[in-house]
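Ready for a guided walk through a protein model? Have the sequence and the 3D view open, and try each task before reading its solution.

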Amino acid sequence: MIQRCRECGKEYDVDEIIYNCECGGLLEIKYDLEKIKNEVSKEQLRERRSGVWRYLEYLPVKDTNKIVSLWEGGTPLYKCDNLAKKLGLKELYIKNEGANPTGSFKDRGMTVGVTRANELGAPVVGCASTGNTSASLAAYSARSGKKCIVLLPGGKVALGKLAQAMFYGAKVVQINGNFDQALVMIKNLALENKLYLLNSVNPFRLEGQKTIGFEICDQLDFEAPSTVILPVGNAGNISAIWKGFKEFKETDLIDSLPKMIGIQAEGAQPIVKAYKAQKDNINPEDNPETIATAIRIGNPVNAVKALEAIYQSNGLAEFVSDEEITAAQKLLAQTEGIFVEPASASSIAGLIKLLDMGAIDKEGKIVCITTGNGLKDPDAAIKASTLPSEIECDMEILKKVIEE
Ligand code: F0G
């Protein structure tokens with residue numbers, strides 16, 4: 001196991017604390033997959049409890065006594081026949097990451113990232129966040145007795161996420177700026193050794209997130225779906241999940257790979273624009289804006305990895321409007337009983353838009369990943385709902401109201 005730069009190939013020991021290669025390139029964790037192939041079988045994996053740590057051989061941890069876990073992963077893969085029928089699809093699944101301990105997929109990354117911090121003996125951890133990363137890191141650092149510092153964009157963090165970060169006991173600082181600016185600031189603190197950085201520029205965190213890919217295959221009886229659709233913000237997750245699918249294929253646990261489809265919001269779509277221009281890198285957007293505050297990001301750090309995942313998998317990237325996001329959020333809740341936050345609903349909105357464009361194979365096995373729980377952003381949900389009727393305690397009035 002080694003950290004390797006995906007630009008120049010330079011290798012670093014896994015115990016070296018470094019977030020980018022000397023050349024500026026992003027790092028990736030590489031394993032001896034041939035060895036893993038001989039060590040791991042489907043049957044053996046199935047005997048273990050479901051969750052991130054089921055896939056231990058594929059994770060960058062040396063000392064299992066140092067694992068910090070809240071039983072993350074093992075989230076449901078719902079077969080959504082009501083929605084499939086409505087959209088004219090043969091087979092549609094929702095991988096509901098909102099069912100993680102702090103309500104988002106970030107927990108998969110943090111169990112590995114904070115375990116690494118433990119192995120490295122780091123007493124302070126930190127991140128910049130649009131909300132979910134901070135909630136997750138705050139929880140895992142509480143569980144491991146570490147100090148946690150989180151930087152949030154001013155004014156635009158969904159209330160549930162803010163409540164979590166504060167309540168788990170993190171030092172929460174809101175800047176008068178956006179996520180991209182917060183990330184530059186917290187990274188500077190990390191480079192001055194004030195904290196161990198757990199944003200997705202840290203390749204260890206992404207190793208935990210790749211288990212979404214493992215788990216989808218595992219839940220489909222070791223078959224890969226044909227298409228995976230997910231929201232893209234800082235672009236770590238799409239890159240991580242693609243790495244997971246590739247590692248399962250290289251170790252013979254699956255024999256095909258899905259197309260990776262990344263969805264961004266209309267007001268924050270640097271990756272979509274790069275994809276449409278068939279470029280390998282983005283032009284940052286200075287003033288990202290969307291109701292899906294989780295993906296309100298103009299300068300995604302993992303853009304090159306994400307674009308590579310899209311091109312390699314023969315996938316694509318598309319944007320959706322805030323109105324399409326809210327409509328999809330409601331549709332999912334009201335046809336399947338799955339309540340997700342706006343960013344997560346962008347995967348459904350993207351599916352609907354791409355179906356209209358004829359860009360999706362309706363006969364395939366499609367998985368939409370819903371990344372965060374609907375309770376994270378109660379304001380957005382209430383704004384999009386009909387408010388309750390208020391009445392006197394009178395049976396006649398009640399009967400009239402329910403018949404309306
Ligand atoms: N969905 C949700 C609910 C998120 O919170 C995020 C990212 C994404 C999708 C996008 O994932 O960044 O890996 O492309 N949230 C980060 C945060 C930025 O700080 O919580 P990505």
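Below are five exercises, each followed by a worked solution.

This is a predicted model, where local features need pLDDT of at least 70, side-chain atom pairs count only at pLDDT 80 or more, and totals for chains, interfaces and linings use all residues. Residues are numbered from 1 along each chain as its sequence is written, and side-chain values use heavy atoms, with hydrogens and water left out.

**Exercise 1. Find the annotated lysine, K106, and describe its surroundings.**

Step 1: The unreviewed UniProt entry gives K106 the feature "modified residue: N6-(pyridoxal phosphate)lysine"; such annotations may be inferred rather than shown by experiment.
Step 2: Look for K106 in helix 4, residues 106–120. Helices here are DSSP runs (H or I, at least four residues), strands are runs of E of at least two, and both are numbered from the N terminus.
Step 3: K106 has a relative accessible area of 15%, so it is buried (buried means under 20%, exposed over 50%, partly exposed in between, with a 1.4 Å probe and protein chains only).
Step 4: Leaving aside neighbours within four places in sequence, K106 touches N132, T133, S136 and R205, where contact means heavy atoms within 4.5 Å.

**Exercise 2. Work out the order of the strands in the open sheet of 4 strands.**

Step 1: The order is 8-7-6-9, with parallel pairing. Two strands pair if DSSP finds at least two bridges between them.
Step 2: Strand 8 (171–175) and strand 9 (196–197) are the edges; each has a single partner strand, so one side of each lacks a neighbour in the sheet.
Step 3: Between strand 6 (residues 124–128) and strand 7 (residues 147–153) there are 5 bridges, and G126 sits opposite I149 of strand 7.
Step 4: Now add helix 5 (residues 132–143), which lies across both strand 6 and strand 7 and runs at about 170° to strand 6.

**Exercise 3. Decide how helix 9 and helix 10 are oriented to each other.**

Step 1: Two packed helices are described by the angle between their axes and the distance between the axes.
Step 2: For helix 9 (residues 211–219) and helix 10 (residues 236–250), the angle is about 50° and the axes are 6 Å apart. Axes are lines fitted to C-alpha atoms, for helices over the stretch in contact, and angles run from 0 to 180 degrees between N-to-C directions.
Step 3: The two helices are therefore oblique (under 35 degrees is roughly parallel, over 145 roughly antiparallel, 65 to 115 roughly perpendicular, the rest oblique).
Step 4: Among the contact residues are I212 and F214 of helix 9 and I241 and F248 of helix 10.

**Exercise 4. Are the residues of strand 10 buried or exposed?**

Step 1: In strand 10 (residues 227–231), 5 of 5 residues are buried.
Step 2: T227, I229 and P231 point one way, while V228 and L230 point the other way.
Step 3: Strand 10 runs parallel to strand 11 (residues 259–265), joined by 5 bridges, and V228 faces M260 there.

**Exercise 5. Which residues does K365 contact, once neighbours within four places in sequence are left aside?**

Step 1: K365 belongs to strand 13, residues 365–370.
Step 2: With 17% relative accessibility, K365 counts as buried.
Step 3: The contacts of K365 are E91, Y93, L220, E223, P225, S226 and T227. T227 also appeared in Exercise 4, as one of the buried residues of strand 10.
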